[in-house]
Each structure stands twice: as structure tokens, then as C-alpha cells.
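Q: Could you take me through a close look at one part of this model, the backbone in its loops? I'd like to see the overall layout before the details, please.

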Amino acid sequence: MENIAKIEQPFGQSPPRVHCPVCGNKIIVEGDIVPCDHLLYFFITACGEFIYQRDDVKVHIENVYDEDGDIEDISGTILKKLKKPSALALEITYGGMACGPIWDTDYVGFDFEVIDPEPEE
Ligand SMILES: [Zn+2]
């Protein structure tokens, strides 16, 4: 079973401000990636690259592009290879105006297996 959530933002809304669903960490702060222990990967289509890959993900993805230059099924490929029922993949599509309307999709993965220790009082 693949845990992939596909979300489409209304046209014109800013790119998604993704927070970790496990610990609430804000993933991108002032343009820099701030990965928590749950973040598996973050692929931004507009950049055409992963801005983050945890080490155990890195070994599975060599090339996200097929021979036509299209992006392959990133979420499905990673989830299939990781074999982690605790992984959740988000595919967030957002659109805005450039020279014309442009739609992009960001791919983000989280691992619910990593549990934070209870905070000490
Ligand atoms: Zn987290």
C-alpha cells in the first residue's frame, strides 16, 4: 500500500509552507531547509532537484527523469524501495502566473517511525 497524499492548492496561492506532520517542525525557514528527523526527502520541481534526501533515501534515487525528460513517479518509487509502512508522501501542486499560468509540484516525504522522546519536565 502506498501512502501518497495529493494536494492541489488554489491557483495563485503561494508555494506550500510545509510543516512536519509528526513534530510540527517548519521545513523551510527563510529559504533554507531545516530538516527534522522525520523528513525523508524534499523535491522541488521548479528547481528540478532534491533539496534534501535522508541517507537511506539517497541510495534509491539516482535519476528522477525518464528518457523524455519527464519526472518519474518520485513518491511511488521511493516508497516502494523504502518498504516503510510508516512513510507518508505528500505531492503538493500549486500554480501562479509567470509568462502564463504555471503549475509545479513539490514532493515531500515523512517518516512516522521516528518518535521523539517525551520532553522532560
Ligand atoms: Zn518532524
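A: Happy to! Read from the start of the sequence, the protein chain of this predicted model runs β-β-β-β-β-α-α-β-β, which gives two helices and seven strands in the protein chain.

A few overall values help to set the scene. The radius of gyration of the protein chain is 15 Å, which agrees with the value near 14 Å for a compact globule of 121 residues. Along the principal axes, its C-alpha atoms occupy a box of roughly 55 × 35 × 25 Å. Of the 121 residues in the protein chain, 21% are buried. Among contacts between residues at least 6 apart in sequence, 48% link residues at least 24 apart.

Now to the loops. Most residues other than glycine have a negative phi, so two residues here deserve a closer look. Going along the chain, take Glu30, in the loop between β2 (28–29) and β3 (32–33). Its phi is near 50°, a positive value in a residue other than glycine. Is Glu30 buried or exposed? With 5 other C-beta atoms within 10 Å, Glu30 is exposed, because the cut-off for that class is 12 or fewer.

Then there is Lys83, which sits in the loop between α2 (74–82) and β6 (87–97). Lys83 is not a glycine either, yet its phi is positive, at about 55°. Around Lys83 there are 7 other C-beta atoms within 10 Å, so this residue is exposed by that cut-off of 12 or fewer.

Put together, Glu30 has a positive phi and an exposed position, and Lys83 likewise has a positive phi and is exposed.

Methods:
Residues are numbered from 1 along each chain as its sequence is written. This is a predicted model: local features need pLDDT of at least 70, side-chain atom pairs count only at pLDDT 80 or more; totals for chains, interfaces and linings use all residues. Helices (H or I, at least four residues) and strands (E, at least two) are DSSP runs, numbered from the N terminus. The radius of gyration is taken over C-alpha atoms; the globule rule is 2.2 Å times the number of residues to the power 0.38. A residue is buried if 20 or more other C-beta atoms lie within 10 Å of its own, exposed if 12 or fewer, and partly exposed in between; C-beta atoms are placed from the backbone. Two residues are in contact if their C-beta atoms, placed from the backbone, lie within 7 Å.
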